[in-house]
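Work through these exercises with the sequence and the model open side by side. Try each task before reading its solution.

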Amino acid sequence: MSIPDYMQCAEDHQMVLVVVQPVGIVPEDEFFRIYKRIASVVQVSIRDSQRNLYIRYRHHYLPENNEWGDFQTHRKVVGLISVTTCGSAKEWPQTSDRFHCQKDVFGATLYDSRLLVFGLQGEIAEQQRTDVAFYPSYDDCPDVEKRVEDFVESIFIVLESKRLDRATDKSGDKIPLLCVPFEKKDFVGLDTDSRHYKKRCQGRMRKHVGDLCLQAGMLQDALVHYHMAVELLRSVNDFLWLGAALEGLCSASVIFHYPGGTAGKASGREPSLAHGQGQAADAGKRHRPGAQEVLIDPGALTANGISADTSSEIGRAKNCLGPEDIIEKYKEAISYYGKYKNAGVIELEACVKAVRVLAIQKRAMEASEFLQNAVYINLGQLSEEEKIQRYSILSELYHLIGFHRKSAFFKRVAAMQCVAPTIPEPGWRACYKLLLETLPGYSLCLDPKDFSKGSHRGWAAVQVRLLHELVYASRRMGNPGLSVRHLSFLLQTMLDLLSDQEKKEVTQSLENYTSKCPGGMEVLTLPDGLKLPPVPLSKLPIVRSVKLLDLPVSLRPHKQKGLLENNMSSKSPFIYSPIIMQRTRGEERTKKIEFRWVQGDVCEVQLMVYNPMPFELRVEHMGLLTSGVEFEALPAALSLPAESGLYPVTLVGVPRTAGNINVNGYHTSVFGVTSDCLLDGLPSVRTSGCVVEVIPSLPRLQLSTSLPRSAHPLRPSKEELSSSVSVQLFNGETQQLTITLENIGSEDLETLEVTSKTCNTKEKLFGEFLSWDLEEAVSQLPLKPGQSVTLTVNVKVRLDFSGGENLLQDLNDDGISVTGLPISSPLRQVLKPRAETKPLGSESSKTDYNHVKTLEAVMTFKYSGGAGKVEGYYRDLSLGVHVDIEPSVFFTRVSTLPATRTRQCHLLLDVFNSTEHELMVSANNNQDLVLHPSECQRPAAGSSRGEPSLYRSMSLVVCVSQEVGGTLIGEDELVVNGWSGIKYIKHMVSIKHTPFAAFQPLL
């Protein structure tokens, strides 16, 4: 016997073997359908008896194994059921001959046989025969199971007769010597009359009768015979049969202690001891350590057992083996088998049976010793298929006792054996299937979620190698998609354990595979039904934080004050509550963010990422994954340097509908693999919230101005500006600012409001700084997308640059030339004397009056429209206006002189040019006066005495000249400090200033 039955278990010793085989041409699916129905009859209760007969079915059995039937009767084929298809009466003779030829193969041991014929109808089918059953078709055979039960009962009758014949043999009769196939040549020429020979014959026969009793359902008689056989065979050193007797004793004891079976699944067997053994039927006592005594009464062994004469040889039988003794006897039997080279199969099967018993007893270490012994049993030259079967069974047995890594080792050896070089057609599919079965033993699961639940488990080097073998096997199977999935899994789960060189090699292989079959997020289903979950490459690159960004200042929506939502009910009245804080931390991913996004506007999410690879990482596509509203993600491409450290990446998209949007994660395309990385599966990612409200669409305005943008930030201003402009003016100058508002959105602009606010300033401002007329702009509303509206804003600057009394005194005390009037004047004597004399053109005096002042203001454009306006939302634009103001003309002194007429007088003005340009000053109809930079002169003008109102009606014209000249732009009339109207003419193109004359009245 060269091929072991690795599915053997101890309870198989009480079963009779029936072979079911097809005769002629029978469809395979139909045969196995009938075979399944036949094999369902595994236990038959014998009529007129309290015994059961158990049947073991095989559809393939080597005849050479049948030769060991005398050694162990459960190996003997005692029944044959043939299944055939016969379409006509002409085929029946040939079918019958084939059936008889098939019986001849097992004829020496068969107790009975049956032939099931399908498809034959007519006269032949109507014949009543016990050994043949006719059925019209495979679908019309309702009594197959009943015929099998009748067949089993006929087997029992023969079995019982043989048992009685062998059990009632007298000691005086000559007992035949039972032999195994390889012993027959060894017993040629032996003295058959010697006492030693007779004891050998008796011992072997006792063992054989014990097998028959065990199969016939007489467990107590079998125990008696096994004990007798052990004593007889031990006395003559018949070790091979002694081992068989010990194994039979162990099997009977296992059947008694474990009626549910040891094959790993309950077979529903009932204990076979006589009903008088009530204590033995107690399951609680059956499984406890130690031996449970089952004393056999010799007087009870009569018709249904051995004769009284035979039983008197041993008196009372020894007790049934306890759980501990069963294993010791198995060890002893296996040691005896090991003495015979030709008994390797018997030894291996005994080891397997012992392991199954130890697995039930939960004695894993002892079971591993039996398996280790089984590994080294030499069975001669085995075929590759037999090696695969052997390693697979060893793997299953190691798994049965809880040695999962050892089980995975032998499963992997079996997988490699499937593609051995000696096999003409390697079985890569079988290899791949076996490799998949090794994964749990090496603490591997093809679901990447299991690797995010803590520290790494298992031997990383072995796991990496196993994954590489899966990749290679799937490639040889012609399935590059599986190779991509396993390489992706390797990169995702083992990245931290790979060297830099291994990372490069794995990524190169991945790129090669994805060039033929790109990787995706679909679930791969294997032919056997196993499903491989998707593997998102969340470590390429690694994301550390996700932050949703607010819209730019100019696009942020605001709620009307009267429509603000009342959220006070959800807030705690306490300043701090640790319970609430703990809850919000746990729900940070679902926390709603305070700001809002707008339908149709580009929204941004910032990710902090880094590249863990030792080379540049190129991400071809990277976009957002959202839910809640319709969202158009705009993918981005990025390239990260090797081991880059944290690097900010901004992902954008456009919400197309309103509602609450949840940012669930992001998707990437790296090395040809598309991945959907969900934040729920990335516990290390920090986020301040991923839910934001999207309000209905609003119009969008783009602001442009006629003035250049400002390079100066507005001084302390809490407002974030959309834009800002800057301009430099002389004091008193007016500048027009043209603002263009273009609707660049998709909604109509329906409302527009403009307000301004001057920033904090210590300067005294005369008149309005900014002024405009909004009526014309409002009349153009609603403003369609793509249209624009223009608003003109007048920028007027009027500040007091007189500074202080010191400057006026410096100017008044210096020598001044007066046109048309004497220099001396009574009024000059009124001035206070100077503390010290300074040259008029000195640097110190210039710094006193050449300083620049600044005015700043913020214009706010509040607008709304579309569906957002209906919900009460609006937007605003903020324009900052920065103006630098330089002084122009100072009137340092005003005095009067009597004229020739008593009702008239002369008005004297000390005019000082503080600019760097030449000025021309004219008063009333007098001659124009030219003032050079930093020059002060006193023009005279006639006036009526005693009428202050006349002072207010006087006019003074100041012209700013330039060497190049220019074009007259325009003129403006202003009120200076409430004293007099002065007219200014702007006469410069490049400077474009209209000065403002400010003076300190001294009258």
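Two strands count as paired if DSSP finds at least two bridges between them. Keep that cut-off in mind for the sheet exercises. The model is predicted.

**Exercise 1. Which strands form the open sheet, and in what order?**

Solution. Step one: list the strands. The open sheet has five, in the order S14-S16-S12-S9-S19. Step two: check direction. The pairing is mixed. Step three: find the edges. Strand S14 (631-634) and strand S19 (686-687) each pair on one side only. Step four: look inside the sheet. Strand S12 (residues 603-610) and strand S16 (residues 647-655) run antiparallel, joined by seven bridges. Use Glu604 as a marker: Val652 in S16 stands opposite.

**Exercise 2. Which residues lie on the covered face of strand S18, and which on the uncovered one?**

Solution. Start with the general pattern. In a regular strand, side chains alternate between the two faces of the sheet. Now sort strand S18 (residues 673-678). Val673, Ser675 and Cys677 make up the covered face. Thr674, Asp676 and Leu678 make up the uncovered one. Next, find the partner. Strand S17 (residues 659-670) runs antiparallel to S18, with six bridges between them. Gly665 faces Leu678 across this pair. Finish at the turn. S17 and S18 form a hairpin with two residues between them. Phe671, in that turn, has a positive phi of about 55 degrees.

**Exercise 3. How do the axes of helices H14 and H15 cross?**

Solution. Two numbers are needed. A packed helix pair is described by the angle between the axes and the distance between them. The axes of H14 (residues 404-418) and H15 (residues 428-438) come within 8 Å and cross at roughly 170 degrees. Angles over 145 degrees count as roughly antiparallel. So H14 is roughly antiparallel to H15. Then list the contacts. On the H14 side, they include Ala408, Lys411 and Met416; on the H15 side, they include Cys431, Leu434 and Glu437. By class, this contact has nine nonpolar, one polar and three charged residues.

**Exercise 4. Is Ser395 buried or exposed?**

Solution. Locate Ser395 in helix H13 (residues 384-400). Apply the cut-off: buried means under 20% relative accessible area. Ser395 has 1%, so Ser395 is buried. Now look beyond the neighbours within four places in sequence. Ser395 is in contact with Ser407, Ala408, Phe410 and Lys411. Ala408 and Lys411 also appear among the H14 residues that meet H15.

**Exercise 5. What percentage of the protein's residues is buried?**

Solution. Of the 1003 residues, 50% are buried. For the exposed side, take the area: about 48200 Å², with 50% supplied by carbon and sulfur atoms.

Definitions and conventions:
Residues numbered from 1 in each chain as written. Predicted model: local features only at pLDDT ≥ 70, side-chain atom pairs only at ≥ 80, totals over all residues. Heavy atoms only, no water. Axes fitted to C-alpha atoms, helices over the stretch in contact; angles between N-to-C directions. Helix = DSSP H or I, 4+ residues; strand = E, 2+ residues; numbered from the N terminus. Parallel < 35°, antiparallel > 145°, perpendicular 65-115°, else oblique. Contact = heavy atoms within 4.5 Å. Nonpolar A, V, L, I, M, F, W, Y, C, P; charged D, E, K, R; others polar. Buried < 20%, exposed > 50% of the residue type's maximum accessible area, 1.4 Å probe, protein only. Areas by Shrake-Rupley, 256 points an atom, 1.4 Å probe, with all protein chains shown as cover.
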